[in-house]
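Here is a friendly walk through a protein structure for someone meeting it for the first time. Have the model open beside you and follow along.

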Amino acid sequence: MIIVAGHVCLDIIPHFSSPASLDPGTLVRVGAATLSTGGVSNVGVALHRLGTPVKLIHKIGDDLFGGAIKSILTNLSLELASGVRTVAGETTSYSIVVAPPGVDRMFVHCPGANDTFRAEDVPSESLAGATHLHLGYPPIMREIYRDATQVQTIFERCAKAGLTTSLDLCSVDPQSEAGQVDWSDWFRTVLPSVDLFTPSYDELSLMLDRPLELTADNVMSLAKRCLDWSCGAVLIKLGDQGLFYADPKQQLHMPCRQVNVVTTNGSGDCAIAGFLASRSRGDSVRQSLQLAAAVGACCCESADATSAVRPLAEIESRLARGWDTLPSRLVFASDEH
């Protein structure tokens, strides 16, 4: 069983039938909204859809949005909803996902109860029966980004219980409190306890230095920096350029699969779910990367983050029938073998 813990929110996704310019003072007509769970819970829901046993550990408020999250998860599985704790007086986190066709998505986000998530929300007894814990997203969890030892404590608790661990990031507003955090120092504290670090290239380059041009050399440099901070391995999401994996013994690049894109919302989370599901059954890193790219591509075929994800066997069958990859402008040494 895999545990997915940390940030959860209600995603409110208006339907745009055509490109739209969201200028001040204008009214933009949209269609019906899709409601889905968001945050790192996307990884958990995708794992469930893939057929991998999963447990969620999240906090929500006792309000309408919290009820909506519970309802969505209960409709998927009673077990999925069971680990989501309702806290009286807290506000449930929500995001309004603005994703007109042909325009990079943007988010209006309220962190809500995620701001009070701490190490005690993942007690030792909650780890029973699990083999792995995946945690996200520190930049929008106030107690977590203010105090790196909260994550360190969770992961050290996992190690004592025999679980492996992974950590994911999300976008950070440079002008926010989280944007002022010394993330290099934060990572130096946390990454030695992390078996797999799964940031996106844009997130990592912004948090460590400044937005860097996406080149193979820059990707490998960021990966090396993370490994130098003693994480076990790093899996960097590269958008439409695929995935890059590095550990002390190997480096691998996996391009994206071609699909008709409805939205890219949640594609990174679903790619992580594909990787974790594959590794949990003993597949090689290369096999797991291939499934990660495939699951991430499936995600893009629906308006919400997870509903287009199919069981692993169906995705493997789609790959076996021949599934074209997107051309990549990035060339890594591993691509030449």
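Pro-255 is partly exposed, because its relative accessible area is 21%, while buried would mean under 20%. This is a predicted model, so keep that in mind as you look around. To find the residue, look in the loop between strand 13 (250-254) and helix 9 (267-280), where Pro-255 lies. Beyond its neighbours within four places in sequence, Pro-255 is in contact with Gln-241, Gly-242, Ala-293, Thr-325 and Leu-326. For a sense of distance, try Thr-52: Pro-255 and Thr-52 are 203 residues apart in sequence, and their C-alpha atoms are 24 Å apart in space.

Now step back to see the protein chain as a whole. It has 11 helices and 13 strands. Along its principal axes, the C-alpha trace spans about 55 × 50 × 40 Å. A compact globule of 337 residues would have a radius of gyration near 20 Å, and the protein chain, with 19 Å, agrees with that. Of the 337 residues, 53% are buried. Among contacts between residues at least 6 apart in sequence, 73% join residues at least 24 apart. On the outside, the protein chain exposes about 14,600 Å², with carbon and sulfur atoms supplying 50% of that area. There are 26 positive and 37 negative charges, and the mean positions of the two sets are 4 Å apart.

What about the inside? In soluble globular proteins, nonpolar side chains tend to be buried together. Here, the largest nonpolar core has 52 residues, and Leu-47, Phe-275 and Leu-289 are the members that touch the most others. Helix 10 (residues 285-299) supplies the largest share of this core, 10 residues. Apart from this core lies another, with 49 residues, including Leu-204, Leu-208, Val-234 and Leu-330.

Leu-47 is a good place to look more closely. Leaving aside neighbours within four places in sequence, Leu-47 is in contact with Ile-2, Val-4, Thr-52, Val-54, Ala-273, Leu-276 and Ala-277. Leu-47 is also one of the buried residues of helix 1. Why is helix 1 (residues 41-50) largely enclosed by the rest of the structure? Eight of its 10 residues are buried, so the surroundings largely enclose the helix. Those buried residues are Ser-41, Asn-42, Val-43, Gly-44, Val-45, Ala-46, Leu-47 and Leu-50. After helix 1 comes Gly-51, with a positive phi near 100°.

Next, visit helix 6 (residues 183-190), where you will find Ser-184. Is Ser-184 buried or exposed? Its relative accessible area is 11%, so Ser-184 is buried. Outside its neighbours within four places in sequence, Ser-184 is in contact with Leu-208, Arg-225 and Trp-229. Of these, Leu-208 is among the members of the 49-residue core.

Two details of the backbone round off the walk. Ser-230 is not a glycine, yet its phi is positive, at about 80°. Look for Ser-230 in the loop between helix 8 (216-228) and strand 11 (234-237); with 45% relative accessibility, Ser-230 counts as partly exposed. The other detail is a cis peptide bond joining Gly-136 and Tyr-137, with omega about -10°. Tyr-137 has its place in the loop between strand 8 (132-136) and helix 4 (142-146).

Conventions: Residues numbered from 1 in each chain as written. Predicted model: local features only at pLDDT ≥ 70, side-chain atom pairs only at ≥ 80, totals over all residues. Heavy atoms only, no water. Core = buried A, V, L, I, M, F, W, Y, C linked by side-chain atoms within 4.5 Å. Buried < 20%, exposed > 50% of the residue type's maximum accessible area, 1.4 Å probe, protein only. Helix = DSSP H or I, 4+ residues; strand = E, 2+ residues; numbered from the N terminus. Contact = heavy atoms within 4.5 Å. Rg over C-alpha atoms; globule rule 2.2 N^0.38 Å. Areas by Shrake-Rupley, 256 points an atom, 1.4 Å probe, with all protein chains shown as cover. Lys, Arg positive; Asp, Glu negative; His and termini not counted. Charge placed at Lys NZ, Arg CZ, Asp CG, Glu CD.
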